[in-house]
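Q: Could you pick one part of this predicted model and go through it closely? I'd like the overall setting first, then the detail, with anything odd in the backbone at the end.

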Amino acid sequence: MLYINCSQNYIKPYIHGYQLVTTGMFKLYLACGFTSTAHKVFDKSPERHATVTHDQGYEALASFVRGNGLGKKPTNYELCTALNCCAKTRNSQLGSQIHAKILHMGFHHNLYINSSLVNVYTKCGSTGDAKKVFDGMEFHDEVSWTSMICGLSQNGQGGEALCLFKEMLATRVRPNCVTYVSVISGCTEQESVFKCGELLHAHVIILGHESNSFLISSLIDYYSKCGKMDIAVMLFGSCKPGDDVVILNTMISAYTHNQQGGDAFKLFRKLRDENIIVSEHTLTSILDACGALTVIQQGKQVHALVTKMGSDHNTFVVGALIEMYSKCGNIDEASHVFDQAVYKNNILWTSLITAYAQSGRGLDALKIFDNLVMQKRFYPDHVCFTVVLTACKNSGLLDKGIGYFKKMTSDYNLAPEIDQYACLIDLYARKGDLKSAKKVMDEMPFYANAVMWSSLLSSCKEYGNVELGREAAYKLFELEPSSPVPYLILADIYAGAGLWNEVHNIRKLMNENGVRKSLAGWSCVG
DNA sequence: TTAGGGTTAG
């Protein structure tokens, strides 16, 4: 039994935040059959940028929902189209309901329908459900294999995508360009699969796909994220400028992320001089370069172009402008850009709070956060809490920080993640409450990482705690075996306590473990 | 009727 014409179902999950309320309104209008109003709501939605193909989705989905409301039996083609729309609009709820209908109607053997289901589930972040559908399929074609591989890649499971790709190679179905694009894009997330990209590149060359623009951009992205800029530049050199704006944008980002902001700028200027049409992605990437280079004059010129292109409605571009002004030290202009923004979503609010926090105005950052929360205009997520806790940390506000940490669970039902625990530990440690910091580390549901032990070790040096300092340093010897830093800090701690024999032992241990003291200016004694 | 690349907050 399906209830997809029941509007309540659409509203319930979308009560958090302006952006989601807008999405909920869109879905409500759509569900009630008011497609033109749904169009209007969606046209004003900040989520509009989420996919370029949304527009093709409304009418088909609305028609399907209306038909279902009238008790009309859908064909397998219509179910497929409806699932496709669910994937594009990230509507997991309707997708699951359609899945139930598919099972009820006995269409679950259909290859196309199953591929679409895999796509819906992965686009909505449910790779487990997608895998269940995939594993239950009687046979796979290149599209269904690729859907699953791509879904894993897009959900940060590059290692799993690669394993599935290997399974595919063992079958009679051959991977195509799309499969390679999908699997290569998954190789940029985890270091464990970094080296596989080169092997996949070799496959691409052997198969003669090296001129495919999707493959070129994914390979440029891959090599730049592995730090192999020479190969990225070589691949870029094989294309004609203006052939594909995505390749250009990938190259601009590649330069920026590899501390080559000047080259990013040169490329951008070349595009402008040659009247090559740039996209909003280009603006975002070049603003990123301006921030990295702290070149506010160029940043302002790009801002003028943003206005000229009418791109100030795009939340990605607005976010990049805020970050650029903030990095260039002009927090007032960052704030002004935010005030002028037509659509303000959670991410943009977080960008503003971050801008204040990183400009040494932690108290202002917290004030903005408190006001927003009080007015119920904003429902913070984990990232926002990390920003807020960092602001507390940098301003030395231990009690406030503890209060925000507790609010995560009590007010927002958010289980703290490792990043927020790291902030809390650092808060306690910086204030000298090393006992509480250690207690959090012992009791939290995560293994303490190197960041946490380093934070504890630094504070042990600051507050002269030899016992805990020793424990932290020895943990770091295991976690970061080639780093001289924990050895040197522990030596400082020993020296501060007058334990000269221990200082000599640490020096000996460094030699034994083959760790080289390579930090210029480090204040190690002896 | 099924699949693809590049961009935001710490």
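A: About 26200 Å² of chain A is exposed, and carbon and sulfur atoms supply 54% of that area. Keep in mind throughout that this is a predicted model. On the inside, buried residues account for 48% of the 526 residues in chain A. As for secondary structure, chain A has 30 helices and zero strands. Among contacts in chain A with a separation of 6 or more, 58% come from residues 24 or more positions apart.

There's some annotation to go with that. An unreviewed UniProt entry places the feature "repeat: PPR" at residues 141–175, 244–278 and 345–380. Take the span 141–175: 71% of it is helix and 0% strand, and its end C-alpha atoms lie 10 Å apart. For residues 345–380 the figures are 72% helix and 0% strand, with the end C-alpha atoms 11 Å apart.

The part I'd zoom in on is the surface near DNA strand B. It takes in 50 residues around the strand, and the closest are Y112, S217, N249, Q358 and D419. Sorted by class, this surface has 26 polar residues, 15 nonpolar ones and nine charged ones. Which helix gives the most to it? That's α15, residues 245–257, which supplies six residues to the surface near DNA strand B.

What does the protein meet on the DNA side, bases or backbone? Of the strand B atoms within 4 Å of the protein, 38% belong to sugar or phosphate, and the rest to bases. A few polar pairs let you see both sorts. On the phosphate side, K123 has a side-chain N or O atom 2.6 Å from a phosphate oxygen of DNA strand B. N84 also reaches a phosphate oxygen of DNA strand B, with a polar side-chain atom 3.2 Å away. For a base, look at H281: a polar atom of its side chain lies 3.2 Å from a base nitrogen of DNA strand B.

Next, the packing inside the protein, starting at helix α6, residues 92–105, where H99 lies. H99 counts as buried because its relative accessible area is 16%, and the cut-off for buried is under 20%. Its contacts, leaving aside neighbours within four places in sequence, are L117, Y121 and V133. L79 is 20 residues away from H99 along the chain, and the two C-alpha atoms are separated by 9.0 Å.

L94 sits in helix α6 too. With a relative accessible area of 1%, L94 is buried. The C-alpha atoms of L94 and L61 are 9.9 Å apart, with their positions 33 residues apart along the chain.

Step back to the loop between α5 (76–88) and α6, and you find T89. T89 is buried as well, at a relative accessible area of 11%. What does its side chain pair with? A polar atom of the T89 side chain lies 2.7 Å from the backbone oxygen of C85.

Further along, S218 has its place in helix α13, residues 213–225. S218 is buried, with a relative accessible area of 8%. Not counting residues up to four places away in sequence, S218 touches V181 and I184.

Finally, the backbone oddities. Most residues other than glycine have a negative phi. Q259 has a positive phi of about 55 degrees, although it isn't a glycine. You'll find Q259 in the loop between α15 and α16 (261–273). Buried or exposed, then, is Q259? It's exposed, with a relative accessible area of 70%. N275 also isn't a glycine and has a positive phi of about 55 degrees. The loop that holds N275 runs between α16 and α17 (280–293). N275 counts as exposed because its relative accessibility is 68%, and the cut-off for exposed is over 50%.

How values were computed:
Residues are numbered from 1 along each chain as its sequence is written. Chains are lettered from A and ligands numbered from 1 in the order in which they are written. This is a predicted model: local features need pLDDT of at least 70, side-chain atom pairs count only at pLDDT 80 or more; totals for chains, interfaces and linings use all residues. Side-chain values use heavy atoms; hydrogens and water are left out. Helices (H or I, at least four residues) and strands (E, at least two) are DSSP runs, numbered from the N terminus. Buried means under 20% relative accessible area, exposed over 50%, partly exposed in between (1.4 Å probe, protein chains only). Contact means heavy atoms within 4.5 Å. Accessible areas come from the Shrake-Rupley method with a 1.4 Å probe; for residues, only the protein chains shown count as cover. UniProt positions are given in the numbering used here, feature names are shortened, and annotations may be inferred rather than shown by experiment. A residue is near a molecule or strand if one of its heavy atoms lies within 4 Å of it. A polar contact is a pair of N or O atoms within 3.5 Å; within protein, one must be able to donate a hydrogen and the other to accept it, and residues adjacent in sequence count only if both atoms are side-chain atoms. Ala, Val, Leu, Ile, Met, Phe, Trp, Tyr, Cys and Pro count as nonpolar, Asp, Glu, Lys and Arg as charged, and the others, Gly among them, as polar.
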